[in-house]
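Follow the chains from their strands to their empty spaces. The text goes sheet by sheet, then turns to domains, pockets and cavities.

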Amino acid sequence: MSITVDSRRCVGCRLCELACSLARCGRFNPDQAAIRIIFEDDGTLTIAITEACLACRRPLCAAFCPVGAIVSGEN
Amino acid sequence: MPHGRTGKMLWVDLTAGICRIQAHDGSPAFIGGRGINQRLLFDLQPEGRDGLHPDSPVLLSAGPLVGTLVPGACRLAVDFRNIVTGGVGSANLGGHFAAEMKFAGFDQIVIRGRSPRPVYLLVSPETVALRDATTIWGLDTWETENRIKRLENEPRLKTVSIGPAGENGVRFACLIGDRGRAAGYGGSGAIFGAKRLKAIAVRGGLPVTVARPEALLDELMRFNRETIETSDFVRIHRQGGTLAAYLRPGENRPHAVCNMSGAFWDNASIAAVDRAVFDQRSLVRRHACFACPVYCSAVYRTGDRVCEGLQANSWRAFASNLRITDPEMVMRLHALANRYGLDGDHTSAVLAWAVECFQEGIIGRNDTGGMELNWGDGDPLIRLMGQIVEGTGLGAVLAKGLDAAAGEIGRDSRRLAITAHGNALMEAAMRSHKAWALGIVTSTKGGGHLRGAPAVEARRIPPEVSRACFGIGDIQDPTAYENKGQLVTWYENYKGVVDMTGLCYLPSMWMELGLFTPEQIARFHSLVTGGEQTAADLMQAGARLQTLEHLFNILHAGFGRKDVRVPEKLARIPVDRGPFAGQRLEPQGWERMLDDYYLAHGYDAASGWPTVERLEALGLTEAGRRLAAAGIDLPSAGGPAMM
C-alpha cells in the first residue's frame with residue numbers, strides 16, 4: 001500500500017491528523033499522528049508524513065480528507 | 001479521564017500572578033462551551049463592577065465535541081460582562097485555538113484580576129505560566145502571534161491576542177486568532193487590555209478520548225457521506241465561503257448599504273468587489289477551521305502579508321456599508337481591523353455613521369480634523385481607524401462605541417445610529433426579513449445575527465416542513481410577522497446547543513435544515529461523552545442557557561421588553577427597490593412578534609422577564625434567588641413554554 005499527498009490541495013482542516021491518531025491510538029491527539037499539516041508563513045501548507053506512517057490498507061487520513069489531498073494506492 | 005473533556009479547568013489570577021489547575025466533573029445542565037462559561041460568569045460577576053474591573057472575569061471554553069472528528073467542532077466560547085451593553089458579553093471564534101487548548105489539557109480558562117505589567121499566558125502540557133509581554137505590548141495581533149512563537153521557539157502555538165485597540169480600551173476591541181478569526185462583540189479585547197493580558201498561547205500534546213470510538217467512526221462516515229457530501233450548502237460554501245453564497249449575481253439580495261440606509265446595491269458595484277475579484281487578485285488557497293470539511297474560509301495576500309477572510313460579514317462591513325468598490329481598499333480595511341483587533345461590525349457601524357453624519361451636515365471639518373468623509377472614499381476611513389485606536393481626534397469619540405458617540409456628538413445624530421441595547425448593528429435584510437430582525441434585536445449579547453436570527457427564513461420553507469422541524473406554523477413569507485416569535489425562540493435555544501457543544505453555527509440548521517439537527521448533535525454528543533442526553537434534553541439545556549443569560553441581563557443591565565425596540569431608522573426608511581420594496585419594520589407587527597416570542601419562551605410578555613415558574617422548570621430557581629436578593633422580583637404565572 002502507499003499514501004500519496006498533494007499539499008497544493010490541502011485546506012488545513014487537520015482532519016487527517018485526528019483520523020490518524022484515532023487509527024493509531026484509539027484517541028484524538030494530533031501529536032500522535034503520523035501525518036502533520038505545517039502552516040507556512042506565506043500562507044501555504046505542507047502535508048508531512050512521518051516515518052511512523054504504516055500506509056494503512058484503508059487509511060482514515062485519506063477517508064476524512066475533504067479535498068482529495070491524500071490518496072491511497074496499491075503501491 | 002472523562003470522555004470529550006479534559007476534566008480540568010485553569011484559574012488565572014493576574015493580580016497575584018497565580019495559575020491554579022482544578023479538576024471538574026462537567027455539567028450535564030450546561031454541557032460545556034458557552035454553557036459552562038455563562039453558568040460560572042453568573043456566579044462570579046460582582047454587581048456594580050463593569051467588565052473592565054479587575055474583579056470581573058473573562059472565561060474561555062471549548063465544548064465536548066471540540067478536538068474530535070465531528071465536522072466543524074472547533075469553536076471557542078468567550079464570555080464576560082459586556083462593556084458596550086453592560087449585560088451579557090459572549091463571543092465565539094473559530095480557527096484552531098479551541099482544539100489546541102483542549103489538547104493542552106484544559107476545557108476552560110477563567111481569568112480574573114489585573115496584572116501589574118503586560119503578560120501573556122502560556123499553556124501547554126509542560127508549562128502553565130504568565131510570561132512577560134512588555135516587549136510585545138503595542139504590537140498588532142499578527143505580529144504578536146509571530147513574536148510569541150519566536151519567543152517560545154514553538155511554531156505550532158495557537159494564540160488569541162489583542163492589538164493596540166484592546167490595549168487602548170476601544171470599547172469594541174476584540175480578540176483575534178489565526179489572523180482573522182475574531183471573538184467580536186462586547187469588548188473582550190478591551191477587557192484583556194484592562195487586565196494587561198496581551199495574549200493566550202496554547203500548544204497541545206495531550207489526548208481527547210471518546211466513549212465509543214468505533215461507533216463514532218461509523219457515524220461520522222455515514223454523516224459525511226449522506227449529509228455533508230450531499231449538502232447544497234456545503235457545495236456552495238466550498239466554492240468560496242459565505243461570499244460565494246451571499247453574492248449571487250442579479251439576485252437582488254438585501255444588503256447593508258451606506259450605514260444601513262439602503263437595502264439594495266447595484267450589480268455593477270457588487271461585481272467590482274465580487275468574490276471572484278478577490279480570488280483573482282489575491283487568493284492563496286481555500287482554508288478550513290480545525291476539523292471542518294466545509295472549508296468555507298480563504299487565505300488572501302494583502303501587501304506582503306497573508307490574512308484569513310474575507311467573508312460576507314466583513315464584506316458587508318467594509319464594502320457595501322461604506323459603499324467602497326475598490327477591492328484593494330476593502331481588503332486593507334478588513335486586514336487593518338484584524339491587526340488592530342477591532343470588531344468589524346462595530347467598526348463599520350461607527351465609520352458609516354460618521355460618514356452619514358458628515359454627509360448630512362451633522363458633523364463637519366471641525367470635527368474631523370479637516371477630513372472630508374464621503375461614501376466610497378476609504379483613505380480618510382483608514383486614518384479614522386487609526387484615530388480610533390490611538391484615541392485621537394474624532395476617533396477618540398468613536399472609540400467609545402456608536403451609542404456613546406451619538407450621545408456625545410448630539411445634534412440629532414442618534415437618528416442615524418442603529419443600535420440594540422446600546423450595541424451597534426451592521427446587518428442586512430432587517431426591514432424585510434422579520435424573524436431575522438427580531439432575532440438580531442433579542443440577542444442576549446445585545447444584538448447581532450448569530451443567535452436567534454434564522455438564516456433559513458430566506459429559504460421560504462413550506463409549512464409542512466416548518467411544522468415537522470420546529471413544531472410551528474407557516475413561516476414561508478419572510479415579510480410576515482406571524483409565527484416568527486416562535487421561530488426565533490427555537491433558534492435561540494438551538495444556538496445554545498451549538499455553542500455548548502463547540503460546533504459551528506454556519507454548517508447547521510441555521511443555514512440548511514438537514515445539517516446538525518438536534519437529534520444528530522445528540523448522537524454525536526452521546527458517542528463522544530458517553531452521556532445519554534436526548535435531543536430534547538439538549539434543547540432544554542439551550543433554553544436554560546438562554547434564560548440564564550436573560551437573568552444576567554436583568555441583574556446587571558435591567559434589560560427587558562422595553563429595550564427590545566425597533567431601530568428607528570428601520571421603521572422610518574422603507575426598502576427603496578427590489579423584491580422587498582416598501583418593506584420596513586412596523587411597530588404593531590413587531591409587538592405581535594414579541595408577544596409570541598415571550599410566550600414561546602414561557603416568559604412574562606409584559607416585562608419580557610422569565611417567570612419564577614419557568615425558572616423552576618429549567619432548574620434555575622437558585623439563580624433567580626440572586627435576583628431576589630438584589631431586590632428584583634420576577635413575575636409569576638407565565639404562559640406555557642414551547643419546549
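Strands, domains and spaces

In chain B, strand β1 (residues 8-13) and strand β6 (residues 108-112) pair in the parallel sense, over five bridges. One pair of bridge partners can be named here: Val12(B) is matched with Ile111(B) in β6(B). The model is a predicted one. Strands of a sheet pair through backbone hydrogen bonds, and they do this either parallel or antiparallel.

These two strands belong to an open sheet of six strands in chain B, whose order is β2-β1-β6-β3-β4-β5 and whose pairing is mixed. What stands at the edges? The edge strands are β2 (18-23) and β5 (88-93) of chain B; each has a single partner strand, so one side of each is left without a neighbour in the sheet. With direction ignored, neighbouring strands of this sheet are turned by 15° against each other on average. A helix also packs on the sheet: α1 (residues 34-44) of chain B touches β1, β3 (58-62), β4 (76-81), β5 and β6 of chain B. The direction of this helix makes about 20° with that of β4(B).

Chain B has another open sheet of six strands, in the order β8-β7-β12-β9-β10-β11, again with mixed pairing. Here β8 (128-132) and β11 (181-183) of chain B are at the edges, and each has a single partner strand, so one side of each lacks a neighbour in the sheet. The average turn between neighbouring strands of this sheet is 20°, direction ignored. Inside the sheet, strand β9 (residues 158-161) of chain B runs antiparallel to strand β10 (residues 175-177) of chain B, and two bridges join them. Val160(B) is found opposite Gly177(B) in β10(B).

Chain A offers an antiparallel pair as well: β2(A) is joined by five bridges to strand β3 (residues 45-49) of chain A. The bridge partner of Ile37(A) in β3(A) is Ile47(A). β2(A) and β3(A) form a hairpin with five residues between the strands, and in this hairpin Gly43(A) takes a positive phi near 90°.

Two further backbone details deserve a look. Most residues other than glycine have a negative phi, and most peptide bonds are trans. Arg14(A) is not a glycine, yet has a positive phi of about 65°. This residue sits in the loop between β1 (2-5) and α1 (15-25) of chain A. In chain B, the peptide bond from Gly309(B) to Leu310(B) is cis, with omega near 0°. Leu310(B) lies in the loop between β15 and α10 (312-318) of chain B.

Next come the domains. Chain B is divided into domain 1 (8-202), domain 2 (237-424) and domain 3 (434-502 + 534-629). How far apart do the C-alpha centres of domain 2 and domain 3 of chain B lie? The distance between them is 27 Å. The contact between these two domains involves 19 residues of domain 2 of chain B and 20 residues of domain 3 of chain B.

The remaining topic is empty space. Rolling a probe the size of a water molecule over the atoms shows where such space is left. The second largest pocket has a volume of about 800 Å³. It is lined by 32 residues, and the closest to its centre are Phe39(A), Glu40(A), Asp41(A), Glu145(B) and Lys149(B). Two or more lining residues come from each of these elements: β2 (35-39) of chain A, and α3 (141-152), β13 (283-287), β14 (297-302) and β15 (305-308) of chain B. Domain 1 (8-202) and domain 2 (237-424) of chain B each give at least three residues to the lining of this pocket. By class, the lining of the second largest pocket has 19 charged, eight nonpolar and five polar residues.

There are seven cavities of 30 Å³ or more. The largest cavity holds about 130 Å³ of space. Of its 15 lining residues, His421(B), His550(B), Phe559(B), Gly560(B) and Val564(B) are the closest to its centre. α21(B) gives the most to this lining, with three residues. The lining of the largest cavity divides into eight polar, six nonpolar and one charged. The second largest cavity has about 70 Å³ of space. It has 14 lining residues, of which Cys10(A), Cys13(A), Cys16(A), Cys65(A) and Pro66(A) are the closest to its centre. The lining of the second largest cavity has 12 nonpolar, one polar and one charged residues.

How values were computed: Residues are numbered from 1 along each chain as its sequence is written. Chains are lettered from A and ligands numbered from 1 in the order in which they are written. This is a predicted model: local features need pLDDT of at least 70, side-chain atom pairs count only at pLDDT 80 or more; totals for chains, interfaces and linings use all residues. Side-chain values use heavy atoms; hydrogens and water are left out. On a 1 Å grid over the protein atoms alone, a cavity is a set of points where a 1.4 Å probe fits but cannot get out, and a pocket is an open set with protein on both sides within 12 Å along at least five of seven lines; lining residues have an atom within 4 Å of a point. Grid points are joined across faces, edges and corners, and a volume is the space filled by probe spheres set on the points. Helices (H or I, at least four residues) and strands (E, at least two) are DSSP runs, numbered from the N terminus. Ala, Val, Leu, Ile, Met, Phe, Trp, Tyr, Cys and Pro count as nonpolar, Asp, Glu, Lys and Arg as charged, and the others, Gly among them, as polar. Domain bounds come from an automatic or database domain assignment. Two strands pair if DSSP finds at least two bridges between them. Axes are lines fitted to C-alpha atoms, for helices over the stretch in contact, and angles run from 0 to 180 degrees between N-to-C directions. Contact means heavy atoms within 4.5 Å.
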